[in-house]
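Q: Could you take a close look at one part of this model for me, rather than touring the whole thing? I'd like to know what it pairs with and what sits around it.

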Amino acid sequence: NCDGKMQIDYIGAVYDFYEDLTERLLENVTAMMIHLNSESDTVKMNIQIGCREDIAKQVLSGMDFTFGSFSYEVDDEDAIINLTVGGEGQ
């Protein structure tokens with residue numbers, strides 16, 4: 001879902017994060033679902049990933065995202081990742 005305008009820097013930052021994540025986990029991913037929303041100059045991405053092994057926490061703890069906020073939850077081989085860029089305070 002996209003509504004309104006987005007800054008090109010936000011789009012680039014979100015894509016770079018997604019690309020880095022998939023490159024790090026590609027060998028072990030069994031499923032991935034992505035929800036991407038933009039509204040009022042804010043981009044939010046939610047990624048749900050299933051992996052073959054319990055490696056998601058190792059990979060995610062080593063990732064850095066300084067352009068916005070990034071959080072994750074890991075339950076065995078499954079991970080839920082939330083990324084926000086823009087909005088107030090950005």
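A: Here's a walk around strand 4, its partners and the charges nearby. First, the small print: the model is predicted, so local features need pLDDT of at least 70 and side-chain atom pairs count only at pLDDT 80 or more, while totals for chains, interfaces and linings use all residues. Residues are numbered from 1 along each chain as its sequence is written, and side-chain values use heavy atoms, with hydrogens and water left out.

Strand 4 covers residues 78–86, and it pairs with strand 2 (residues 42–51) in the antiparallel sense over nine bridges. Strands here are DSSP runs (E, at least two residues; helices are H or I, at least four), numbered from the N terminus, and pairing takes at least two DSSP bridges. To get your bearings in that pair, find Ile49, which stands opposite Ala79 in strand 4.

Strand 4 also pairs with strand 3 (residues 69–75), again antiparallel, through seven bridges. There, Glu73 faces Ile80 of strand 4 across the pairing. Strands 3 and 4 make a hairpin with two residues between them, and Asp76 in that turn has a positive phi of about 55 degrees.

Now look at the charges. Glu73 and Asp76 turn up again in a negative surface patch, together with Glu53, Asp54, Asp75, Glu77 and Asp78. Patch members have over 30% relative accessible area and no salt bridge, with like charges joined within 9 Å (nonpolar side chains within 5 Å). Asp and Glu count as negative, each placed at CG of Asp or CD of Glu. Glu53 comes in from the loop between strand 2 and helix 2 (56–61). Its relative accessible area is 44%, so Glu53 is partly exposed, meaning between buried (under 20%) and exposed (over 50%), with a 1.4 Å probe and protein chains only.

What about salt bridges, meaning a Lys or Arg side-chain nitrogen within 4 Å of an Asp or Glu carboxyl oxygen? The structure holds one. Asp20 forms it with Arg24, and the closest N and O atoms are 3.0 Å apart. Those two are about one helical turn apart, because they sit four residues from each other in helix 1. Both ends are partly exposed: Asp20 at 28% relative accessible area, Arg24 at 39%.

Technical notes
Areas by Shrake-Rupley, 256 points an atom, 1.4 Å probe, with all protein chains shown as cover.
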